[in-house]
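Colleague: I am new to this structure and would love a close look at one part of it. Could you pick a spot, set it in the whole chain, and walk me through its surroundings?

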Amino acid sequence: MGPFMAVFALVFLAPIAYSIYISLFKTRLIGGTSFVGLENYQQALADPNFWDGLFRVGLFLVVQVPIMLGLALLAALAIDSGRLHGAGFFRITIFLPYAVPAVVAAIMWGFMYGNQFGLVGNINEAFGVNIPAPLGPDWILASIGNIVTWEFVGYNMLIFYSALRVIPASLYEAAEIDGAGQFRIIRSIKLPAIRGALVIATIFSIIGSFQLFTEPSILQKLAPNAITTFFTPNYYAYSLSFNGQQYNYSATIAIIMGLVTMIIAYVIQLRGMRKGS
């Protein structure tokens, strides 16, 4: 295990340790860099921009993740049922958006969202309607949620479908002998059998929600009035570091978000394991 532990320490533990280290310092115009202890953490916890971004990704998580996982579960159940004609075609089609890089997906959807130059604008012009601007402040979070859902439904569908395929066929045969219908089989056999996959997909989705960065950063050029530099905590940390040269405070935001993500993911894992026991 020596080579693995060496690489693990170099690419995982060392960056975290360095981030914690620089988060304990602050660089001032007068006096240079000095040790400040937990001052940066106190500042972050009192920073309205940080809380605004955290609330936004929290809302994103509560709304988008259930929709995405629900659609993925429905697709997996439909393909696994054996009653869907062309199941292989639908499986590849639903999974295909996951193969599109997130940057490309954000650019593609961003131009479709344009109410003056994109698909939305063309629809407004062709039918004489006034569809609300998807890149406007009121709809930008829902628009990003649509992009993320389009990207990752297929990924989660594959997780659920793989779990469904390993359920013993004897369980289905016994259920049919007992006269159970399809909905009863889903409720009593399939869903309990893939609980572990559901927990894993939920944890991955929670982590992805808190790491939301690519889509806002790409769409910011198309929607500068809707996406601020603190739109999400990750984007806020990026802006502080690369635009504001505030590396110490940026590391502090990153460490706090890492802890928040870890705690929530751990709680979800414990609840999933408790229900499965």
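Modeller: Happily! Of the 277 residues in the protein chain, 38% count as buried; bear in mind that this is a predicted model. The chain has 13 helices and two strands, and its C-alpha trace spans about 80 × 60 × 35 Å along the principal axes. About 16,000 Å² of the chain is exposed, with carbon and sulfur atoms supplying 68% of that area.

Now let us settle on M68, which sits in helix α3, the stretch covering residues 48-80. M68 has a relative accessible area of 3%, and because buried means under 20%, M68 is buried. What does M68 touch, once its neighbours within four places in sequence are left aside? The contacts of M68 are with V148, T149, F152, V153, N156 and S205.

Several of those partners lead us to helix α7, which runs over residues 140-165. In sequence, M68 and N146 are 78 residues apart, yet their C-alpha atoms are 9.1 Å apart in space. That pairing fits into a wider picture: among contacts in the chain with a separation of 6 or more, 66% are accounted for by residues 24 or more positions apart.

While we are here, S143 is also found in helix α7. S143 counts as buried because its relative accessibility is 6%. Leaving aside neighbours within four places in sequence, S143 is in contact with Y113 and P134.

Note on methods: Residues numbered from 1 in each chain as written. Predicted model: local features only at pLDDT ≥ 70, side-chain atom pairs only at ≥ 80, totals over all residues. Heavy atoms only, no water. Helix = DSSP H or I, 4+ residues; strand = E, 2+ residues; numbered from the N terminus. Buried < 20%, exposed > 50% of the residue type's maximum accessible area, 1.4 Å probe, protein only. Contact = heavy atoms within 4.5 Å. Areas by Shrake-Rupley, 256 points an atom, 1.4 Å probe, with all protein chains shown as cover.
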